[in-house]
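Work through the two exercises below with the structure at hand. Each task is followed by a solution in steps.

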Amino acid sequence: FRHHQNVGKQWYQRRVRGATLEILHHYKSRVVVHTSDDLMSVRQKAENEAEETGYKMIEPYDPAVIAGYGTLASEFMKQTNNTLEAVIVLAGDGTLAAATAVTIKEINETTDVYLVAQPSDPVIAAMATGTWPDECKEDTEESVAPALNLNIHCSTRAELMKHCMNTVLTVDNNGIIDAMRFVFERLKIVVDENAAAAVAALFTEQFMQICDSKEYRRVGVMLTGGNCDLMDLPFTILGAADTTKCRNK
């Protein structure tokens with residue numbers, strides 16, 4: 001359940017991070033953390049309570065929700081006078097990615113949109129073949145960025161992404177951690193691993209080669225996520241990150 005303050009409930013899988021829960025509790029949100037990590041199980045529990053209590057179930061792939069996410073891309077383009085030549089956005093569960101892709105292309109069809117995923121994400125094969133799975137795949141736990149462990153669970157979002165995305169950029173954990181520290185130190189912005197993953201894609205050799213071939217001069221990165229525990233940052237736990245790998249383009 002997505003809601004305004006003091007209205008409704010939000011349901012999460014068991015592995016939701018503690019920092020996210022603390023923030024939600026701070027804003028007086030009523031949160032239910034299900035005992036299972038299985039998305040379908042959590043969904044069924046939420047649907048049952050909605051039926052019993054009369055709550056309205058708001059799906060993350062509801063067209064109105066996707067349109068709402070699209071306002072982020074719209075504001076991004078407006079702030080840059082529609083001059084961005086490329087935009088990088090995290091794959092996640094597909095809602096933000098689909099909304100960003102459609103909105104960007106509607107505003108400026110010449111702007112390229114790149115999706116960020118981990119190497120094992122099924123979205124890579126789907127983008128390459130144009131064939132999207134009919135059924136949901138299990139989420140993984142391979143990436144330090146929680147959103148990269150999600151899969152596209154809706155054909156609507158998949159179709160939107162398929163028609164509007166250019167290609168998929170892949171990132172690994174080391175790159176994400178390096179990028180996270182880079183943003184903290186150079187931009188002075190608090191971001192979590194999800195936002196850092198999009199920045200990491202910017203510094204991959206894969207994207208550098210694309211930049212060289214297309215001669216990009218203005219590239220936008222969607223920074224989405226700041227739910228991190230400042231006492232438990234990955235680059236302080238795993239040792240000093242190599243921010244020299246993060247170069248300006």
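Helices (H or I, at least four residues) and strands (E, at least two) are DSSP runs, numbered from the N terminus. The model is predicted.

**Exercise 1.** Locate N108 and determine whether N108 is buried or exposed, then list the contacts of N108.

Solution.

1. Position: N108 is found in the loop between α4 (95-107) and β4.
2. Accessibility: buried means under 20% relative accessible area. N108 has 17% relative accessibility, so N108 counts as buried.
3. Contacts: leaving aside residues up to four places away in sequence, N108 touches M77 and N82.
4. Polar partners: a polar atom of the N108 side chain lies 3.3 Å from the backbone oxygen of N82. The N108 side chain also makes a polar contact, at 2.6 Å, with the side chain of T110.

**Exercise 2.** Work out the strand order of the sheet, identify the edge strands, and place helices α8 and α9 against the sheet.

Solution.

1. Order: the open sheet consists of four strands, arranged β5-β4-β3-β6, with parallel pairing.
2. Edges: β5 (167-170) and β6 (219-221) each have a single partner strand, so one side of each is left without a neighbour in the sheet.
3. Twist: on average, neighbouring strands of this sheet are turned by 30° against each other, direction ignored.
4. One pairing in detail: β3 (residues 86-90) and β6 run parallel and are joined by three bridges. I88 has V221 in β6 as its bridge partner.
5. Helices: α8 (residues 193-202) lies across β3, β4 (112-117), β5 and β6, at about 140° to β3. Helix α9 (residues 205-214) lies across β3, β4, β5 and β6, and runs at about 135° to β5.

Definitions and conventions: Residues numbered from 1 in each chain as written. Predicted model: local features only at pLDDT ≥ 70, side-chain atom pairs only at ≥ 80, totals over all residues. Heavy atoms only, no water. Pairing = 2+ DSSP bridges. Axes fitted to C-alpha atoms, helices over the stretch in contact; angles between N-to-C directions. Contact = heavy atoms within 4.5 Å. Buried < 20%, exposed > 50% of the residue type's maximum accessible area, 1.4 Å probe, protein only. Polar contact = N/O pair within 3.5 Å; in protein donor to acceptor, adjacent residues only side chain to side chain.
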